[in-house]
Amino acid sequence: MPMGLALLALLAVQAPPFAYSVVPVTSAQLPYSWHSGCPVAPSQLRRIRLSYWGFDGKAHTGALVANAGAVGDLVLVFRRLYGARFPIRRMRPVDAYRGNDERSLEADNTAAFNCRFAVGPGARRWSTHAYGRAIDVNPVENPYLEGGRVHPRTGAAFVNRSKVRPGMAVRGGLLVRAFASVGWSWGGRWQGTPDYQHFSSTGG
């Protein structure tokens with residue numbers, strides 16, 4: 001066997017298997033991301049711990065809070081990403097950033113539930129994240145472009161989508177195909193205000 005193939009085979013053997021667990025959450029566990037008046041109750045949410053590959057080439061365990069109805073889809077997607085060693089910078093519930101979406105984005109954090117309003121033009125409305133049915137993946141590598149602004153600001157280096165680098169969501173790429181396989185929509189297709197980090201089960 002050629003040396004390169006032998007090394008890949010050895011890495012495959014040594015790689016820990018994908019693993020996940022799902023548990024209920026309470027309001028006490030969501031001190032910043034949930035409050036009275038949110039469109040879903042804590043009982044409708046779940047905390048998912050799951051495996052992912054980091055940009056350091058190592059396996060890690062992260063956590064997401066998402067709608068109970070989205071758990072199955074998210075597990076399938078991240079199982080596929082893990083198998084392909086698609087890199088994720090970090091994965092922590094947004095409460096780790098005191099519910100501050102911009103702080104989470106600047107940390108290049110992959111997160112799902114956050115009871116907040118949608119960013120962008122139009123009438124004030126709940127974000128799909130407020131229902132736990134959306135996730136932002138690698139937001140620095142996949143920024144949101146809105147009214148000439150880049151969210152997060154550190155994502156400015158990735159506005160040029162023709163220069164494909166690890167962790168990016170691109171048309172026909174693994175990340176976009178993985179979410180499409182479970183019927184989730186990609187914000188990178190939005191006209192005028194592409195949100196490359198954003199995937200949702202509802203299209204919003």
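A pocket here is an open set of grid points with protein on both sides within 12 Å along at least five of seven lines, and its lining residues have an atom within 4 Å of a point. The model described below is predicted.

**The largest pocket**

By that definition, the largest pocket is lined by 21 residues. Nearest its centre lie Ala118, Val119, Tyr144, Trp190 and Asp195. Its volume is about 310 Å³. The lining of the largest pocket splits into 7 nonpolar, 8 polar and 6 charged residues. Which element gives the most to this lining? Helix 3, residues 101–106, does, with 3 residues.

**The largest cavity**

Rolling a probe the size of a water molecule over the atoms shows where empty space is left. Across the whole structure, the search returns 1 cavity of 30 Å³ or more. The largest cavity has a volume of about 70 Å³. Helix 3 supplies the largest share of its lining, 3 residues. Among the lining residues are Asp101, Ser104 and Leu105. Others include Val94, Phe113, Arg116, His129 and Asp136. By class, the cavity lining has 5 nonpolar, 4 polar and 3 charged residues.

**Overall fold**

The protein contains 4 helices and 10 strands. From the N terminus on, their order is α-β-β-β-α-β-α-β-β-β-β-α-β-β. The radius of gyration is 17 Å, close to the 17 Å that the globule rule gives for 204 residues, so the protein is as compact as a globular protein of that length. The C-alpha trace spans about 60 × 40 × 30 Å along its principal axes. Of the 204 residues, 46% count as buried. Contacts between residues at least 6 apart in sequence were also examined: 57% of them join residues at least 24 apart.

**Salt bridges**

Side chains of opposite charge can pair when their charged atoms come close. The whole structure holds 4 salt bridges. The table gives some of them.

| Pair | Closest N to O |
|---|---|
| Glu141 and Arg89 | 2.8 Å |
| Arg116 and Asp101 | 3.6 Å |
| Arg153 and Glu106 | 3.8 Å |

Start with the Glu141 and Arg89 salt bridge, at 2.8 Å. Glu141 lies in the loop between strand 6 (134–136) and strand 7 (144–146), and Arg89 in the loop between helix 2 (71–83) and strand 4 (90–91), so the pair ties together parts that are 52 residues apart in sequence. Is Glu141 buried or exposed? Glu141 is buried, because its relative accessible area is 2% and the cut-off for burial is under 20%. Arg89 is partly exposed, at 34%.

Next comes the Arg116 and Asp101 salt bridge, at 3.6 Å. Arg116 sits in the loop between strand 5 (109–110) and strand 6, and Asp101 in helix 3, so this pair ties together parts that are 15 residues apart in sequence. Both residues are buried. Arg116 and Asp101 also appear in the lining of the largest cavity.

The Arg153 and Glu106 salt bridge has its closest N and O atoms 3.8 Å apart. This pair links distant parts of the chain, 47 residues apart. Arg153 lies in the loop between strand 8 (149–151) and helix 4 (174–180), while Glu106 belongs to helix 3. Arg153 is exposed, with 70% relative accessibility. Glu106 is partly exposed, at 29%.

Which residues do shared partners join into one network? Arg89, Asp108 and Glu141 are joined in this way by salt bridges.

**Backbone details**

A few backbone features deserve a look. His151 and Pro152 are joined by a cis peptide bond, with omega about -5°. Pro152 is in the loop between strand 8 and helix 4, the loop that also holds Arg153.

Arg98 has a positive phi, near 55°, and is a residue other than glycine. Its place is the loop between strand 4 and helix 3. Arg98 is exposed, at 54% relative accessible area.

Asn138 also has a positive phi, near 45°, in a residue other than glycine. Asn138 lies in the loop between strand 6 and strand 7, where Glu141 is found too. Is Asn138 buried or exposed? Asn138 counts as buried, at 0% relative accessibility.

Key: Residues are numbered from 1 along each chain as its sequence is written. This is a predicted model: local features need pLDDT of at least 70, side-chain atom pairs count only at pLDDT 80 or more; totals for chains, interfaces and linings use all residues. Side-chain values use heavy atoms; hydrogens and water are left out. On a 1 Å grid over the protein atoms alone, a cavity is a set of points where a 1.4 Å probe fits but cannot get out, and a pocket is an open set with protein on both sides within 12 Å along at least five of seven lines; lining residues have an atom within 4 Å of a point. Grid points are joined across faces, edges and corners, and a volume is the space filled by probe spheres set on the points. Helices (H or I, at least four residues) and strands (E, at least two) are DSSP runs, numbered from the N terminus. Ala, Val, Leu, Ile, Met, Phe, Trp, Tyr, Cys and Pro count as nonpolar, Asp, Glu, Lys and Arg as charged, and the others, Gly among them, as polar. A salt bridge is a side-chain nitrogen of Lys or Arg within 4 Å of a carboxyl oxygen of Asp or Glu. Buried means under 20% relative accessible area, exposed over 50%, partly exposed in between (1.4 Å probe, protein chains only). The radius of gyration is taken over C-alpha atoms; the globule rule is 2.2 Å times the number of residues to the power 0.38. Contact means heavy atoms within 4.5 Å.
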